[in-house]
Amino acid sequence: MIIPVLLGMSLVVFFMIRAIPGNPAQVILGQKATKEAVAALTHKLGLDEPWYVQYVKYIGGLLRGDLGESIRTGAPIAKEIWPYLAATLELSLAAMLIAIVVGVNAGIISAWFQNSWFDYIAMVLALLGVSMPIFWLGLMEQWLFSIQLDWLPTSGREDVRNPIEAITHLYLIDTLLSGNTEQFWQVVQHLVLPSVALATIPMAIIARMTRSSMLEVMKSDYIRTARAKGLSMFWVVYKHSLKNAIIPVLTVIGLQTGLLLGGAILTETIFSWPGIGRYIYDAIGYRDYPVIQSGILIIAVIFIFINLIVDLLYAAIDPRIKYN
Amino acid sequence: MRRNKWFAWLAMLLAVVLVFAGCGKSKESAGGGSDKPPTQDTLVYGRGGDSVSLDPATVTDGESLKVTKNIFDTLLDYNDNDTSVKPALATEWTISEDGLTYTFKLRQDVKFHDGTDFNAEAVVFNFERWANGNADTFPYYGSMFGGYKNDEGHVIKEVKALDDYTVQFVLKRPQAPFLKNIAMTPFAIASPEAVKKYGDKFGEHPVGTGPFVFKEWKRNERIVLEKNENYWENGYPKLNQLIFVSIPDNSARLNALLKGEIDIMEDLNPTDLKQVEGNKEFQIFKRPSMNVAYVGLTATRGPLKNKLVRQALNYAVDKQAIIDAFYAGQAEPAKNPMPPSIPGYNDAIQDYPFDLEKAKQLLAEAGYPNGFEIELWAMPVPRPYMPDGQKIAEAIQANFAKIGVKAKIVTYEWATYLDKVAKGEADVFLLGWTGDNGDADNFLYALLDKDSIGSNNYTYFSNDELHNILVEAQTVSDENQRNELYKRAQEIIKEEAPWIPLVHSTPLLAGKANIQGFHPHPTGSDKFTKVEFQ
C-alpha cells in the first residue's frame with residue numbers, strides 16, 4: 001500500500017514542479033547570465049530531455065538508493081540532506097514535547113475544572129496561539145527574550161564563535177557524546193525560542209482536543225463508578241479517564257508531528273534554523289528539481305512512519321484494537 | 001482536593017522551569033556573551049543567503065563572490081571607494097601603443113595557501129582554464145572577454161609567461177575596460193595544483209593567495225575563514241577569523257546584531273536606520289552607490305510602442321516622494337541608466353520633471369487622451385536597489401492613476417518573475433542592476449543594447465544609432481573619447497525613454513561601533529584585509 005502511494009506522490013510532485021515557469025539553469029546562473037550560458041547548463045543537467053526519460057532516470061536512481069544530486073551544489077542528496085533533517089528533527093521533537101506536556105495537561109485541567117477561570121483563560125490562550133502569525137511571534141520572542149532581557153540567543157543552533165563537533169548532527173546528543181556540558185546548555189538555549197514558537201499551534205490544538213475528549217469520557221458510567229468507589233480525583237482523571245480519552249488526542253499528536261517534521265519553514269527562516277523546510281523551500285526557489293522531489297519523498301516517508309507508530313500505540317493502549 | 005490541584009500545576013510548571021534552567025547559565029558561561037576577551041579578533045558577518053560555490057570563476061552570485069574575494073587575489077584590485085585600479089598580485093604594468101599588448105610584472109615570493117608558488121605559470125594556467133571552458137562552466141569570463149577560445153568575439157589572443165614573474169596578454173582588438181575587467185572578483189588566481197587535485201570539487205576546497213584561508217563550510221549556516229599567516233601584505237590581515245553567517249530575514253539579522261551574535265550585518269532595512277543610528281554601540285556603514293533601480297517600459301507591448309507614451313510615463317512619477325517614503329532618504333533620483341560614479345556619466349542631461357499636466361498632454365498627443373490599462377509588475381523580494389518593490393509599485397500606480405493610466409499590480413516569485421520578464425511578458429516592470437566593474441559598458445550595453453535582448457535587456461529596446469555608438473566605445477582606448485560617446489548614448493536613451501530611471505540607492509550596513517577599517521565597496525564584494533576591532 002505504501003509503495004503505490006509514494007510512487008503516485010512522486011509523479012505528482014515531478015509534474016507540479018516542472019509546471020512552474022523558470023528554468024533551473026537560469027536561476028543558478030543568475031540575472032547576469034548570457035543566453036548561451038543558460039542553454040549550456042540546461043543541456044548539462046539533462047533538463048532538455050523528454051519528461052518521461054527524466055522521470056524514469058529518477059525512479060531508477062531511487063531504487064538503487066540514489067536520491068539524485070542537487071542541481072545547485074552538485075552534491076548527492078542522500079548525503080546532503082541528513083544534517084537538515086537532523087536539525088528539523090531536534091526542533092520538531094522539542095516543540096512536540098512542549099506541546100504535548102503543556103497541551104495535554106492544560107486540556108486535562110480544563111476538563112477537570114470545567115468552566116473555571118482556568119478553563120476560560122486556557123481556551124482563550126489556545127485560540128490566541130492558533131491565530132498568531134508565527135513569524136511575528138518569533139520576532140517578538142527575539143525582541144523580548146534576547147534583546148530586552150538578554151536571556152536567550154536570537155538565532156541558529158549554536159554559538160558561531162564556539163561551534164559544535166557534529167557526530168550525529170543531533171546536537172543534544174553530540175554535545176553529550178563529547179562530554180561538553182557548556183555546549184550542551186548552549187544547544188538547549190538555542191532550542192528554546194524556536195521550539196516554543198513552533199509549539200504554539202500544536203499545543204493549542206492538543207489542548208482543545210484533550211479537553212473535549214476528556215469531557216466526553218468523564219461523563220461515562222464507569223468514571224462515576226470509580227468515583228463512587230472512593231478513588232481520589234487525581235487517579236480518576238490521570239489514570240482512568242486519560243487512558244480512554246487519549247486515542248483521538250494521539251491521532252492529533254501524530255498528525256501535528258508529521259506536519260512539523262514537514263518543515264517549519266517560517267520558524268526556520270526567522271531563527272535561521274538550517275532545517276529541511278528551508279532546504280526544500282530554497283530548492284523550490286532555485287528550481288532544484290532533484291532536491292524538491294527527494295525532499296518531499298523523504299518527508300512523506302517520515303509522515304507514513306509516524307502514523308504507523310500512532311497506529312501501534314492505539315493497539316498498545318486500547319486492548320480492544322487488534323491488528324492482523 | 002487542594003493537594004491534587006497543586007500536583008497538576010506543578011506538572012505544568014516543571015516544563016517551564018526546565019526551559020529557563022538554562023538561562024542562568026547564559027550570564028555565567030562566557031560563550032559569546034558577557035565576558036569579552038581583551039581585543040576581539042573574530043569577525044562574524046551576517047548576510048542573507050548562502051554562497052553557491054567558492055570557485056570564483058564559476059559563479060555569478062554576490063553571496064559567493066563576497067566570500068571568495070577574501071580567499072583569493074586578482075592581478076589588480078579596485079581602490080577602496082570606486083573602481084579605479086591598483087596593484088595587487090601584479091605590481092606594475094605596461095600597455096603597448098596600439099592597446100593590444102598588456103605586460104604585467106608579478107609580485108614575488110607570494111605563495112598559495114597550499115604552499116605552492118604564485119608565478120606567471122599560475123596566471124597562464126588560470127586564464128587558459130577559463131578560455132577552454134564555456135558559458136556554463138565560466139559564465140563571467142565569456143561575458144567580459146567576448147566569448148571563449150574558439151569564439152570569434154573572444155578578445156584575448158594569447159596569455160604567456162615571459163619569465164617566472166612576467167606575464168603578457170595579447171588581445172585581438174583593443175578593449176578599453178580591460179584593466180577594470182581583470183580586477184573583477186571572478187577572475188581571481190587559483191592554485192593550479194589545487195585545481196588539478198580537486199577538479200570539480202574545487203568550489204568546496206578553494207585555495208588562493210588571499211588574506212584568509214578557507215577552513216570550513218556548513219551549507220546554509222556558515223563559512224569559516226582563518227588568517228593567512230603568510231599574506232603578502234605585511235602586517236595584514238588583522239583579524240584571526242572571518243565567519244560568514246546566513247540569516248535570511250532582515251529583521252532577524254538585525255536582532256542578531258543587536259544581541260551581539262554577529263558583528264556586521266548587510267541589507268539593513270531603511271526603516272530600521274533610525275533605530276541603529278540612535279544606538280551608541282553600533283555604527284552605520286554606507287555602500288557607495290553603483291546601482292540603478294528602474295521601471296522598464298517594454299517597447300514591444302501595446303501603448304508602450306509609442307515613444308510619446310513612454311515619455312509621458314516619465315513625467316508622471318514623483319521620484320523624490322518615493323525616496324523619502326521607502327529609502328529613508330538613502331538614495332538619489334536617477335536621470336540616467338547609470339549612476340554618477342561611473343566615468344562618462346552625462347550630468348548635463350535634464351531629468352523629466354514630475355509634471356502631471358505635461359504627461360497628460362503627451363498622452364493625448366499619442367492618441368490616448370483617456371489613458372489606458374496596463375500591468376505593473378513588482379518583485380516580491382527586497383533587492384539592494386529596491387527594499388520594497390510592492391510598496392514602490394503602489395506609489396507608482398497612484399502616480400499613474402492621476403494621468404488616467406490604470407495600472408494593475410502583478411507579482412510572481414522571484415525566479416519566475418525574472419524568467420517571465422526576460423521573455424518580454426511584462427508591460428511595465430520594476431527591476432534594477434548593480435555594476436560589476438564600474439564601466440559604462442557594463443550598464444548601457446548590458447541593459448539597453450539590442451545585442452543584449454534575451455540576456456539583460458528586458459525591455460527589448462532596440463536602437464541602431466545607440467548600438468553603433470556602444471560598439472565603437474568598446475574598442476576606443478582614449479578615455480575622453482569614450483566618455484563623449486557614452487554621453488551621446490545617454491542623450492539617445494533619454495529621448496527614447498525605454499525606462500523610467502528611478503533611483504541610485506545607497507545600500508546600508510550596520511555593525512559594532514568598535515570596528516575599524518571597513519569600507520563597503522561599490523561592487524558589493526568587500527575585502528577584510530585591513531578590518532580590525534579597536
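A nonpolar core is a set of buried Ala, Val, Leu, Ile, Met, Phe, Trp, Tyr and Cys residues joined through C-beta atoms within 7 Å; a residue is buried if 20 or more other C-beta atoms, placed from the backbone, lie within 10 Å of its own. The structure is a predicted model, in which local features need pLDDT of at least 70, side-chain atom pairs count only at pLDDT 80 or more, and totals for chains, interfaces and linings use all residues. Residues are numbered from 1 along each chain as its sequence is written, and chains are lettered from A and ligands numbered from 1 in the order in which they are written.

**Exercise 1.** Determine which residues of the largest nonpolar core touch the most other members.

*Solution.* The core holds 220 residues. Within it, Ile206(A), Leu430(B) and Leu444(B) touch the most other members. Beyond four places in sequence, the contacts of Leu430(B) (C-beta atoms within 7 Å) include Val295(B), Trp377(B) and Met386(B).

**Exercise 2.** Establish how the buried residues of helix H3 of chain A are placed around its axis.

*Solution.* Helices are DSSP runs of H or I with at least four residues, numbered from the N terminus. In H3(A), residues 35–44, the buried residues are Ala37(A), Val38(A), Ala40(A) and Leu41(A). They lie on the same side of H3(A) because they cover an arc of only 165° around the axis, taken from the directions from the helix axis to the C-beta atoms. Just after H3(A), Gly46(A) has a positive phi of about 75°.

**Exercise 3.** State which direction H11(A) takes relative to H14(A).

*Solution.* The axes of H11(A) (residues 233–261) and H14(A) (residues 289–317) come within 9 Å and cross at roughly 170°. The helices are therefore roughly antiparallel, a term for angles over 145 degrees.

Note on methods
Buried ≥ 20, exposed ≤ 12 C-beta atoms within 10 Å, placed from the backbone. Contact = placed C-beta atoms within 7 Å. Helix = DSSP H or I, 4+ residues; strand = E, 2+ residues; numbered from the N terminus. Axes fitted to C-alpha atoms, helices over the stretch in contact; angles between N-to-C directions. Parallel < 35°, antiparallel > 145°, perpendicular 65-115°, else oblique.
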